[in-house]
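Subject: Structure handover

Hello,

Here is the structure for you to take over. My notes on it follow below.

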Amino acid sequence: MDTRWCATYARQLAAGNRDDIRRVEGDITGMDTHVGLAPTSPGRIRITIIDIDPDTALRADLSVPVLVVEVGTPNGPSPVVIDGWDQIYRARCEGRQTLPTIALGPETELQCRVHCPQREHRAWRGLLRFH
């Protein structure tokens with residue numbers, strides 16, 4: 001299954017007063033491996049590869065919230081970052097443990113998933129594959 005979300009549309013929806021949007025301080029301490037700042041643990045493989053330009057990421061605005069959706073997995077819901085990897089990279093380089101985060105609920109997640117008419121737009125992100 002391939003799933004994509006439109007971060008631009010998600011931010012537009014999050015700006016409104018929606019019941020299924022949560023604004024939290026997201027824990028980013030476990031993201032170092034995903035952004036290439038820590039090696040993969042022995043006996044494990046890295047299945048998530050986030051392509052980050054360090055020069056751009058180190059200029060990221062840390063006041064812009066990271067966007068997260070919850071995706072159902074066989075082990076229950078799991079958060080997936082759909083926008084904000086540059087902020088995560090910069091914050092982890094600076095030793096920060098949390099970032100402002102917008103968690104999209106199921107209704108908003110579904111709307112962002114199905115609405116992105118311009119695939120070539122920079123905001124068309126978040127490819128997730130389940131096999």
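To start inside the fold: Ala10 is buried, with a relative accessible area of 0%. This is a predicted model, so please read everything that follows as computed from it. Ala10 sits in helix 1. Leaving aside residues up to four places away in sequence, Ala10 touches Leu67, Ile82, Leu104 and Cys112. Another residue to look at beside Ala10 is Thr108: the two are 98 residues apart along the chain, and their C-alpha atoms are separated by 7.4 Å.

Nonpolar cores

The largest nonpolar core has 16 residues, and the members that touch the most others are Trp5, Val69, Ile82, Leu104 and Cys112. At least two residues each are supplied by strand 1 (2-6), helix 1 (7-15), strand 3 (66-73), strand 4 (76-83) and strand 5 (98-104). Helix 1 gives this core its largest share, 5 residues. There is also a second, separate core of 15 residues, with Ile50, Leu62, Trp85 and Ile88 among them.

Helix 3

Helix 3 covers residues 85-93, and 7 of its 9 residues are buried, so the helix is largely enclosed by the rest of the structure. The buried ones are Trp85, Asp86, Gln87, Ile88, Tyr89, Ala91 and Arg92; polar and charged side chains can be picked out in that list by name. The cover over these buried residues includes helix 2 (54-57), strand 3, strand 4 and strand 5. After helix 3 comes Gly95, which has a positive phi, near 85 degrees.

Salt bridges

The count of salt bridges comes to 7. These are the ones I looked at.

- Asp83 and Arg11: their side chains meet with an N to O distance of 2.9 Å. This pair links distant parts of the chain, with Asp83 in strand 4 and Arg11 in helix 1, 72 residues apart. Asp83 counts as buried at 13% relative accessibility, whereas Arg11, at 24%, counts as partly exposed.

- Arg96 and Glu94: the closest N and O atoms of this salt bridge are 3.1 Å apart. Arg96 is partly exposed, with a relative accessible area of 39%, and Glu94 also counts as partly exposed, at 42%.

- Glu109 and Arg113: the side chains form a salt bridge at 2.8 Å, N to O. Why are Glu109 and Arg113 separated by about one helical turn? Because they lie 4 residues apart in helix 4 (residues 106-114). An α-helix has 3.6 residues a turn, so residues three or four places apart point the same way. Glu109 is buried, with a relative accessible area of 7%, while Arg113 counts as partly exposed at 33%.

- Arg18, Asp20 and Glu107: these three are linked in a network of salt bridges.

If you want a place to begin, open the view on Ala10 and its contacts Leu67, Ile82, Leu104 and Cys112. From there, Ile82, Leu104 and Cys112 lead into the largest nonpolar core, where they are among the residues touching the most other members. Helix 3, with 7 of its 9 residues buried, can be taken next, followed by the salt bridge between Asp83 and Arg11.

Regards

Note on methods: Residues are numbered from 1 along each chain as its sequence is written. This is a predicted model: local features need pLDDT of at least 70, side-chain atom pairs count only at pLDDT 80 or more; totals for chains, interfaces and linings use all residues. Side-chain values use heavy atoms; hydrogens and water are left out. A nonpolar core is a set of buried Ala, Val, Leu, Ile, Met, Phe, Trp, Tyr and Cys residues joined through side-chain atoms within 4.5 Å. Buried means under 20% relative accessible area, exposed over 50%, partly exposed in between (1.4 Å probe, protein chains only). Contact means heavy atoms within 4.5 Å. A salt bridge is a side-chain nitrogen of Lys or Arg within 4 Å of a carboxyl oxygen of Asp or Glu.
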